[in-house]
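Hi,

Here is the structure I promised to pass on. Have a look at it first, and then read on for what turned up.

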Amino acid sequence: AEEAQDGQNIIEKLKQEWKCKIPECVGYLEIFTYNKMGATWYYRICSDAPRCKNRTLAQKYDPNTVKGIVKKPTQ
């Protein structure tokens, strides 16, 4: 159970680190990855979307340098 708590603490820390900067918004920015021209790209989108429209510009994704919470694909 201690490992699960550590994981939860890491997630909470990341949520604080990537807290949405829009006033009144309670969300945080999640990483959304997609493929473009044979490379993986990403942008960060607010977890409170579609209510909050905050997002970043797309950039090439490098899992070794890009930190944050990756958005789970919706089914």
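How many residues apart are glutamate 12 and lysine 15 in helix α1, and what separation in helical turns does that give? Keep in mind that this is a predicted model. The two sit three residues apart in helix α1 (residues 2–17), so about one helical turn separates them. They form a salt bridge, with the closest N and O atoms 3.8 Å apart. Both ends are partly exposed: glutamate 12 has 36% relative accessibility, and lysine 15 has 24%.

That pair belongs to a set of three salt bridges found in a search of the whole structure. Another one links lysine 71 to glutamate 30, where the closest N and O atoms are 3.6 Å apart. Lysine 71 lies in the segment after β4 and glutamate 30 in strand β1, so this pair ties together parts that are 41 residues apart in sequence. Glutamate 30 is buried at 10% relative accessible area, while lysine 71 is partly exposed at 32% relative accessibility.

The remaining bridge joins arginine 51 and aspartate 48, with 2.9 Å between the closest N and O atoms. Here arginine 51 is exposed, at 66% relative accessible area, and aspartate 48 is buried, at 17%.

Now the strands. β1 (residues 29–36) pairs with β2 in the antiparallel sense over eight bridges, and tyrosine 34 stands opposite tryptophan 41 in β2. The two strands make a hairpin with two residues between them, and methionine 37 in that turn has a positive phi of about 50°. β1 also runs parallel to strand β4 (residues 69–70), joined to β4 by two bridges. On that side, glutamate 30 stands opposite isoleucine 69.

One more residue to click on is arginine 44, in strand β2 (residues 39–46). Which side chain of opposite charge is nearest to arginine 44? That is glutamate 17, 7.7 Å away, and arginine 44 is buried with no salt bridge. The arginine 44 side chain does reach the backbone oxygen of lysine 67, at 2.9 Å. Leaving out residues up to four places away in sequence, arginine 44 touches several others, among them Trp18, Leu29, Glu30, Ile31 and Val66. So you meet glutamate 30 again here, as a contact of arginine 44 and as the salt-bridge partner of lysine 71.

Over to you!

Terms used:
Residues are numbered from 1 along each chain as its sequence is written. This is a predicted model: local features need pLDDT of at least 70, side-chain atom pairs count only at pLDDT 80 or more; totals for chains, interfaces and linings use all residues. Side-chain values use heavy atoms; hydrogens and water are left out. Helices (H or I, at least four residues) and strands (E, at least two) are DSSP runs, numbered from the N terminus. Buried means under 20% relative accessible area, exposed over 50%, partly exposed in between (1.4 Å probe, protein chains only). Lys and Arg count as positive and Asp and Glu as negative; His and the chain ends are not counted. A salt bridge is a side-chain nitrogen of Lys or Arg within 4 Å of a carboxyl oxygen of Asp or Glu. A polar contact is a pair of N or O atoms within 3.5 Å; within protein, one must be able to donate a hydrogen and the other to accept it, and residues adjacent in sequence count only if both atoms are side-chain atoms. Contact means heavy atoms within 4.5 Å. Two strands pair if DSSP finds at least two bridges between them.
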